[in-house]
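Trainee: Could we go through this model together, with you explaining the reasoning behind each label?

Mentor: Gladly; let us look at it first.

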Amino acid sequence: MMDEVTNHSLTGWLSGGVPFHIPGNGGPACVEFLSTGQRVVETIFFTLLSVLLLIWAYRSLSPVHSIDAHVLDRTGKKSLLGLFGLVFGMEIGFKLATRQLIWLLNPCHMLSFIQLFLIVSPKTKFSTYLFRLHIYWLTGPLLALLFPVTNSLDLPMEWTIYWVQHFLLLLIPIYLTRLGGQFNLDPLSDLAWPAMAFSVYSLYHWIILQPIGLLAQTNLNNMICPAISDPFHGPYYRVVAMSHQSILVPLVGKLYNVFTHWVLNILKLNIKLETSRKED
């Protein structure tokens, strides 16, 4: 009896407040949008494809070098950590208040966790790997700003925090790149990094977001049914999404790479110092 109460309470905090009456949020109709057979076929196909791409990308990655930091800005990092921690903390508070913690699994919120980690992370090879990969996942916050879904943001400041959080997600990597050290971008000609980023991004959707979304009847990042604003609304919307994301993820990542260096050069923030480089 106690276990049932605990499970019910946990489910309530995770998804008990999700407004299923709003189209695109989830519910039985959303789960039934695609047949089980189609879900299984698509999942197997794209999962296998992503695993093969991941293996090729990992074997083809360019070496990660150890580079001395351009700028030692501990005050800036602490200020940024405080600001972004406050913003994301408020977002988590909104999810707690509305009993919708499950939405924290969406890519933009996971990116927030990643960037908070990167701000405080030590100089390691893992940090460089994560930094380079997450640049390609910035496709998510960019699309969230271009095609915002704010029809369920009803709490005071919730709408504002939505915009501030997504803008910060796009701005923080520029600041980190300026610091140098473990925060260095991959070569523009290297296709292995975007391939790995896309394969991990894809697997996260198919084997994590989809099963959790089906169990909770919650439309995590539109893996269960299409968004109401989806121009490709239909039974094959996920196939179309995988097609355009396979182009957008590497394209946005490479363009962000160029844009970052352009901004740092224009603002004369890209301090060029002699750095010692040695392979880890």
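Mentor: This is a predicted model, and we can start from its largest pocket, where α4 (74-97), α5, α7 (139-146), α8 (158-179), α9 (192-216) and α10 each give at least two residues to the lining. Of these contributions, the one from α10, with 7 residues, is the largest share.

Trainee: How many residues line the largest pocket, and which of them lie nearest its centre?

Mentor: The lining is made of 49 residues, and those nearest the centre are Phe147, Val149, Asn221, Asn222 and Ala227. The volume of this pocket comes to about 1600 Å³.

Trainee: How do you know where empty space is left?

Mentor: A probe the size of a water molecule is rolled over the atoms, and this shows where the empty space is.

Trainee: What makes the span of helix α5 close to the expected one?

Mentor: Helix α5 covers residues 107-120, which is 14 residues, and from its first C-alpha to its last it reaches 20 Å, while 20 Å is also what is expected at 1.5 Å a residue.

Trainee: Why is α5 called mostly covered?

Mentor: A residue counts as buried when its relative accessible area is under 20%, and in α5 this holds for 10 of the 14 residues. Among them are Pro107, Cys108, His109, Leu111 and Ser112 in the earlier part of the list, and Ile114, Gln115, Leu116, Leu118 and Ile119 complete it. For the protein as a whole, 46% of the 280 residues count as buried.

Trainee: Is Trp262 buried or exposed, and how do you know?

Mentor: The cut-off for exposed is over 50%, and Trp262 has a relative accessibility of 51%, so it counts as exposed. Trp262 belongs to helix α10, residues 237-266, and together with Phe259, Ile266 and Leu267 it makes a nonpolar surface patch of about 450 Å².

Trainee: Why is the contact between Arg238 and Glu42 called a salt bridge?

Mentor: The rule asks for a side-chain nitrogen of Lys or Arg within 4 Å of a carboxyl oxygen of Asp or Glu. In the pair Arg238 and Glu42 the closest N and O atoms are 2.9 Å apart, so the pair meets that limit. Arg238 lies in helix α10 and Glu42 in helix α3 (residues 36-60), so this salt bridge ties together parts that are 196 residues apart in sequence.

Trainee: What makes Arg238 and Glu42 buried?

Mentor: The limit for buried is under 20%, and Arg238 has a relative accessible area of 3%, so it is buried. Glu42 has 7%, so Glu42 is buried by the same rule.

Trainee: How many salt bridges are there by this rule?

Mentor: The count comes to 3. One of them joins Glu91 to Lys95, with the closest N and O atoms 2.2 Å apart, and because these residues are 4 apart in helix α4, about one helical turn separates them. Both Glu91 and Lys95 are buried. Another salt bridge is formed by Asp186 and Lys254, whose closest N and O atoms are 2.8 Å apart. This pair links distant parts of the chain, since Asp186 is in the loop between α8 and α9 and Lys254 is in helix α10, 68 residues apart. Asp186 and Lys254 are buried as well.

Trainee: Why is Arg99 called partly exposed?

Mentor: Partly exposed covers values between the 20% limit for buried and the 50% limit for exposed, and Arg99, at 39%, falls between them, so the label fits. Arg99 is placed in the loop between α4 and α5, and its phi is near 55 degrees, a positive value in a residue other than glycine.

Trainee: And what is the phi of Met157, and where is Met157 found?

Mentor: Its phi is near 75 degrees, again a positive value in a residue other than glycine, and Met157 is found in the loop between α7 and α8. With a relative accessible area of 46%, Met157 is partly exposed.

Trainee: What makes Ser127 buried?

Mentor: Ser127, in helix α6 (residues 125-136), has a relative accessible area of 1%, and that is under the 20% limit, so it counts as buried. From Ser127 to Phe183 the C-alpha distance is 7.6 Å in space, although they are 56 residues apart in sequence.

Methods: Residues numbered from 1 in each chain as written. Predicted model: local features only at pLDDT ≥ 70, side-chain atom pairs only at ≥ 80, totals over all residues. Heavy atoms only, no water. Expected span 1.5 Å × (residues − 1). Buried < 20%, exposed > 50% of the residue type's maximum accessible area, 1.4 Å probe, protein only. Patch = residues over 30% accessible without salt bridge, like charges linked within 9 Å, V, L, I, M, F, W, Y side chains within 5 Å. Areas by Shrake-Rupley, 256 points an atom, 1.4 Å probe, with all protein chains shown as cover. 1 Å grid on protein atoms, 1.4 Å probe; cavity = no way out; pocket = protein on both sides within 12 Å on 5 of 7 lines; lining within 4 Å. Points joined across faces, edges and corners; volume = space filled by probe spheres on them.
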